[in-house]
Amino acid sequence: MKSPDFNQIIDRHNTSSVKWDFLGRDLHLDKTDLLPMWVSDFDFQCPEAVLQTLYSRIEHGIFGYSERDDHYYQAAIDWFSRHHKLTLCHDWFTSIEGVIPGLALLIQMLSKPGEGVVVQGPYYASFAKIITMNGRMMIENPLLESLDGYKINYDHLEQMLEQHRPPLLVLCNPHNPTGRCWNSDELLRLLILCKRYGTTVISDEIWADLILPGEKFTSILHLGNEWHSNVIAATSASKTFGLSSLRISNFLIPDPGLRRAFKARLDAHGLDVFNALSMTAATAAYQHGDVWLDELQHYLAENRCWFGQALTSAVPWCRMTKAEGTYLAWLDCRDLGLDDDTLQRALLQKAKIVVSMGWSFGDKGEGFIRVNLGCPREYLEKAIAGLVQVT
């Protein structure tokens with residue numbers, strides 16, 4: 001297999017790309033020459049092994065009702081064993097078209113209208129959407145800023161758990177947008193509190209493979225069997241390998257009762273047939289994507305290092321938060337002294353880039369922006385050149 005060229009510019013226009021083709025719609029513009037650095041998918045081709053496997057499957061030409069086979073399960077089990085030293089059981093797997101739909105169904109299943117669901121701000125906006133639109137109360141446990149990255153505010157968390165007795169906490173690990181990877185001590189402390197107050201933890205671990213060199217990902221499932229009745233982990237190959245529109249994710253549920261209830265809910269919604277190409281792509285990625293991921297991680301680490309140094313040199317008003325994972329940069333722009341609307345106009349009109357505005361991640365995101373570093377270096381150079389024009 002040929003080595004990937006992550007510097008290659010690939011035109012994504014006219015591919016129904018949310019990031020590139022629907023930019024004008026979402027900004028209410030007729031046309032745009034803006035550089036999109038917002039939606040968290042990357043601008044690289046998926047592994048060659050995945051493409052070749054998809055070609056072969058398409059040539060077969062029949063796409064009838066499909067189900068996950070042993071190869072699908074074993075590929076994922078082996079991947080997590082190799083990369084994270086995590087032992088998964090075949091029985092734990094439940095699958096659905098995307099992490100967010102699965103989270104929404106679990107919120108419906110494990111809570112009642114009006115009850116609270118805890119998230120940690122700055123939080124991924126889709127968490128807030130599925131909580132509030134399902135008639136639940138969103139309870140924010142704001143993270144604490146520090147020079148070493150964000151920290152969990154355990155005192156505030158315990159107050160919220162004691163006051164509201166929420167049935168659920170949605171954890172994001174690695175954390176979007178800040179890039180924190182919660183370590184075993186942090187996770188254990190969180191689990192102790194949640195178990196004390198009867199709160200189930202659903203851990204969105206979709207970014208698990210995109211860790212920076214020298215850092216380590218710890219799954220909620222690493223903490224041991226004694227917590228299995230109280231935890232659910234959500235995974236997918238989509239972020240790792242650029243397969244977001246090939247919709248399949250896995251919810252790993254060790255507890256038999258929780259698992260039966262979730263499977264029954266999937267059946268109740270008719271979610272019992274799986275996309276043949278999605279399963280083919282995920283299986284091939286987990287079986288053959290090791291070397292490709294090593295090269296991607298190296299490239300993303302170089303991107304982050306280059307971008308951070310360029311900010312320090314050319315854009316001193318913009319500070320990048322320390323991170324351990326993801327290809328997202330959480331940038332503090334508060335030194336500019338601009339309100340968020342003015343900041344966004346400056347980024348659009350002067351910098352000519354589109355970012356995810358921090359306010360969309362809740363109150364703790366005000367004055368911040370999130371930038372996608374999962375792109376060829378040329379795009380980062382354009383972004384820095386644009387940011388210089390803001391002041």
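Of the 95 residues in the largest nonpolar core, the ones touching the most other members are Leu88, Leu190, Val201, Ile220, Leu221, Phe251 and Leu296. A core here is a set of buried Ala, Val, Leu, Ile, Met, Phe, Trp, Tyr and Cys residues joined through side-chain atoms within 4.5 Å, and buried means under 20% relative accessible area, with exposed over 50% and partly exposed in between (1.4 Å probe, protein chains only). This is a predicted model, in which local features need pLDDT of at least 70 and side-chain atom pairs count only at pLDDT 80 or more, while totals for chains, interfaces and linings use all residues. Residues are numbered from 1 along each chain as its sequence is written, and side-chain values use heavy atoms, with hydrogens and water left out.

Helix α5 (residues 99–110) gives the most to this core, chipping in 8 residues; helices (H or I, at least four residues) and strands (E, at least two) are DSSP runs, numbered from the N terminus. The core lies between domain 1 (16–45 + 287–387) and domain 2 (49–285), because both give residues to it; the bounds come from an automatic or database domain assignment. As for Leu190, its contacts (heavy atoms within 4.5 Å) are Gln120, Ile152, Tyr154, Leu157, Leu169, Leu171 and Val201, leaving aside residues up to four places away in sequence. Apart from the largest core lies another one, of 30 residues, including Phe307, Cys333, Ile353 and Val355.

Now for the sheets. Seven strands make an open sheet with mixed pairing, in the order β2-β8-β7-β6-β5-β3-β4; two strands pair if DSSP finds at least two bridges between them. Its edge strands, β2 (93–96) and β4 (137–140), each pair on one side only. From one strand to the next the twist averages 25°, with axes taken as lines fitted to C-alpha atoms, for helices over the stretch in contact, and angles running from 0 to 180 degrees between N-to-C directions. Strands β3 (residues 116–119) and β5 (residues 168–172) run parallel and are joined by 2 bridges, and Val118 has Leu169 in β5 as its bridge partner. Helix α4 (residues 70–84) packs on this sheet, touching β2, β7 (231–235) and β8 (249–252), with its direction at about 110° to that of β2. Helix α6 (residues 125–133) packs on the sheet too, touching β3, β4, β5 and β6 (200–204), and its direction makes about 140° with that of β4.

There is also an open sheet of 4 strands, antiparallel and ordered β9-β10-β13-β12. Here β9 (319–320) and β12 (356–357) are the edge strands. Strand β9 pairs with β10 (residues 328–332) over 2 bridges in the antiparallel sense, and Met320 has Leu331 in β10 as its bridge partner.

A search of the whole structure turns up 20 aromatic pairs. Rings of Phe, Tyr and Trp (its six-membered ring) pair if their centres lie within 6.5 Å, and planes under 30 degrees apart count as stacked, over 60 as edge-to-face and the rest as tilted. Phe42 and Trp292 make a tilted pair, 6.3 Å centre to centre with 45° between the planes. They sit 250 residues apart, Phe42 in the loop between β1 (35–36) and α3 (48–60) and Trp292 in helix α12 (residues 290–314). Phe42 is buried at 5% relative accessible area, and Trp292 is buried at 7%. Phe44 and Tyr299 pair edge-to-face, 5.7 Å centre to centre with 90° between the planes. Phe44 is in the loop between β1 and α3 and Tyr299 in helix α12, so this pair ties together parts 255 residues apart in sequence. Both Phe44 and Tyr299 are buried. These four residues belong to one aromatic cluster, whose members include Phe6, Phe42, Phe44, Trp79, Trp292 and Tyr299.
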